[in-house]
Amino acid sequence: KTQIEVSEELTIFPEHLVIRAVVPKSYLYAQAWRMSHRFLFRSIVLLMIGVCLLGILAVATRHVMKPLDDITRGVRRVAEGDLETVLETEGEDEIAFLAETLNEMTHRLKVKEQSVQAHIQLLKEKNVELQSISERLKEADRLKDQFLAVLSHELRTPLTAILGYAE
């Protein structure tokens, strides 16, 4: 059979109306072929759009995530005490601003650390000086006690004789 008959009964009017269409199979096959080609074309276009979007997402992610990962690693190094860490700042965006601000904070920490170290060194020097003074004072106290003991003995001996003679 080279033709397909399609019929539909409609009851719009009081009489039954039957619509019949006779369509060659080749026409239906051609329509199906065109529709499948359109579907395939649209699927390929959507797939290409999806791949492009994934590419854009990958580039954007790399553009955002790599600098953030670098900043995270730098902050960890600073937290571990490496105040020589300097973060790279590229561009004028928020990430570059964050990196620059962290660099300034690290510099301030480094200056404060140097100041604290200088104060610690000064305190160590003063501590050594105070220990020396303390040793000298202990020696002076010991000499004073020895002097008073000798003086007391030297004064008591003649005084005891004088008191004995006077009695």
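**Exercise 1. Find which residue pairs with Lys144 in helix H2 at 3.4 Å, and say how exposed both partners are.**

The side chains of Lys144 and Asp141 form a salt bridge at 3.4 Å, N to O. That term calls for a side-chain nitrogen of Lys or Arg within 4 Å of a carboxyl oxygen of Asp or Glu. This is a predicted model, in which local features need pLDDT of at least 70, side-chain atom pairs count only at pLDDT 80 or more, and totals for chains, interfaces and linings use all residues. Residues are numbered from 1 along each chain as its sequence is written, and side-chain values use heavy atoms, with hydrogens and water left out.

Next, place the pair: both residues lie in helix H2, three residues apart, about one turn of the helix. (Helices are DSSP runs of H or I with at least four residues, and strands are runs of E with at least two, numbered from the N terminus.)

Now check exposure. Lys144 has 42% relative accessibility, so it counts as partly exposed; Asp141, at 39%, is partly exposed too. The cut-offs are under 20% relative accessible area for buried and over 50% for exposed, with partly exposed in between (1.4 Å probe, protein chains only).

**Exercise 2. Work out which other salt bridge uses Lys144, and which residues share a network in the structure.**

Lys144 also meets the side chain of Asp145, at 3.3 Å, N to O. Asp145 is partly exposed, because its relative accessibility is 41%. Elsewhere, salt bridges with shared partners link Lys66, Asp70 and Arg73 into one network.

Zoom in on one contact there: Asp70 and Arg73 meet at 2.4 Å, N to O. They sit three residues apart in helix H1, so about one helical turn separates them. In total, the structure holds six salt bridges.

**Exercise 3. Describe the largest pocket and what lines it.**

Start with size: the volume is about 380 Å³. (On a 1 Å grid over the protein atoms alone, a pocket is an open set of points where a 1.4 Å probe fits, with protein on both sides within 12 Å along at least five of seven lines; lining residues have an atom within 4 Å of a point.)

Then the lining: 17 residues, with Lys66, Pro67, Asp70, Glu88 and Glu90 nearest the centre. H1 (25-79) and H2 (94-166) each supply at least two of the lining residues, and the largest share, eight residues, comes from H1.

Last, sort by chemistry: seven nonpolar, two polar and eight charged. Here Asp, Glu, Lys and Arg count as charged, Ala, Val, Leu, Ile, Met, Phe, Trp, Tyr, Cys and Pro as nonpolar, and the others, Gly among them, as polar.

Note on methods
Grid points are joined across faces, edges and corners, and a volume is the space filled by probe spheres set on the points.
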